[in-house]
Amino acid sequence: MADARPRRPARPREEVFATARAAIAEHGLAKLTMAGLGKQLRMSAGHLLYYFGSKDQLLLETLRWSEEQLGARRREMLADGARDVRERLDEYTALYLPEGPGDPRWILWVEVWGRSPASEELRQGQLEIEGPWQADLVALIDEGTATARFAPGDAAERASQIRALLDGLAVPLALGLPGADRARAHRLAATACAALLGPVAA
């Protein structure tokens with residue numbers, strides 16, 4: 001006789017990722033168990049493993065989902081050609097930086113960076129997720145150079161320098177290290193961008 005018990009519907013993708021992001025940000029991936037996450041979602045650990053295969057894959061897909069949400073905001077902001085390119089660059093840096101200590105998106109990044117040396121899958125996924133941030137910044141620098149708002153120079157190289165600086169400012173802030181402050185980080189980023197991209201052409 002067939003089992004007449006109703007099947008519990010699968011949780012929406014967004015709910016799974018939002019719950020995973022909050023759990024990883026609070027406890028770290030090492031302390032997260034599929035059973036514990038499944039309990040929060042009212043799903044079995046086996047069901048989660050079926051979809052993700054491993055905690056590393058869950059981490060990667062949760063980060064990808066998180067960045068897709070932010071990416072939509074970034075693309076809309078950068079596409080507003082009616083606003084000055086330097087203003088859009090400032091908003092890019094503000095969007096890049098953590099909101100403050102414990103920012104869930106940035107805790108995911110810290111987890112990925114910490115685990116990626118031992119995982120080709122994580123390293124490749126990291127590059128794919130970071131790619132749009134780099135490409136959008138290169139396009140913005142190219143636009144600023146073409147309109148003489150930025151000094152001439154290699155856009156890809158300068159974009160990589162800016163992102164490396166932002167990463168260096170972001171991690172202490174996300175971890176809540178003493179002296180790390182969002183307003184100060186944003187101010188330092190603005191100063192460095194001005195130095196790297198050159199003065200406004202006369």
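**Trp 133, two positive-phi residues and the largest pocket**

Trp 133 sits in helix α7, which runs over residues 120-146. The model is a predicted one. Trp 133 counts as buried because its relative accessibility is just 3%, under the 20% cut-off. Leaving aside residues up to four places away in sequence, Trp 133 touches Glu 67, Leu 70, Arg 74, Tyr 92, Leu 95, Tyr 96, Arg 105 and Arg 163. Take Arg 74 from that set: 59 residues separate Arg 74 from Trp 133 in sequence, yet their C-alpha atoms lie 8.6 Å apart in space.

Next come a couple of backbone oddities. Arg 42 is not a glycine, but its phi is positive, at about 60°. This residue, Arg 42, belongs to the loop between α2 (34-41) and α3 (45-52). Ala 148, also a residue other than glycine, has a positive phi near 65°. Ala 148 falls in the loop that links α7 to α8 (155-175), and it counts as partly exposed because its relative accessibility is 36%.

As for pockets, the largest has a volume of about 150 Å³. Its lining is made up of Arg 21, Ser 66, Gln 69, Leu 70, Arg 73, Leu 95, Leu 97, Glu 99, Asp 103, Pro 104 and Arg 105. Two or more of these residues come from each of α4 (55-78) and α6 (104-115), with α4 giving the largest share, 4 residues. By type, the lining splits into 5 charged, 4 nonpolar and 2 polar residues. Leu 70, Leu 95 and Arg 105 turn up in this lining and also among the contacts of Trp 133.

How values were computed:
Residues are numbered from 1 along each chain as its sequence is written. This is a predicted model: local features need pLDDT of at least 70, side-chain atom pairs count only at pLDDT 80 or more; totals for chains, interfaces and linings use all residues. Side-chain values use heavy atoms; hydrogens and water are left out. Buried means under 20% relative accessible area, exposed over 50%, partly exposed in between (1.4 Å probe, protein chains only). Contact means heavy atoms within 4.5 Å. On a 1 Å grid over the protein atoms alone, a cavity is a set of points where a 1.4 Å probe fits but cannot get out, and a pocket is an open set with protein on both sides within 12 Å along at least five of seven lines; lining residues have an atom within 4 Å of a point. Grid points are joined across faces, edges and corners, and a volume is the space filled by probe spheres set on the points. Ala, Val, Leu, Ile, Met, Phe, Trp, Tyr, Cys and Pro count as nonpolar, Asp, Glu, Lys and Arg as charged, and the others, Gly among them, as polar.
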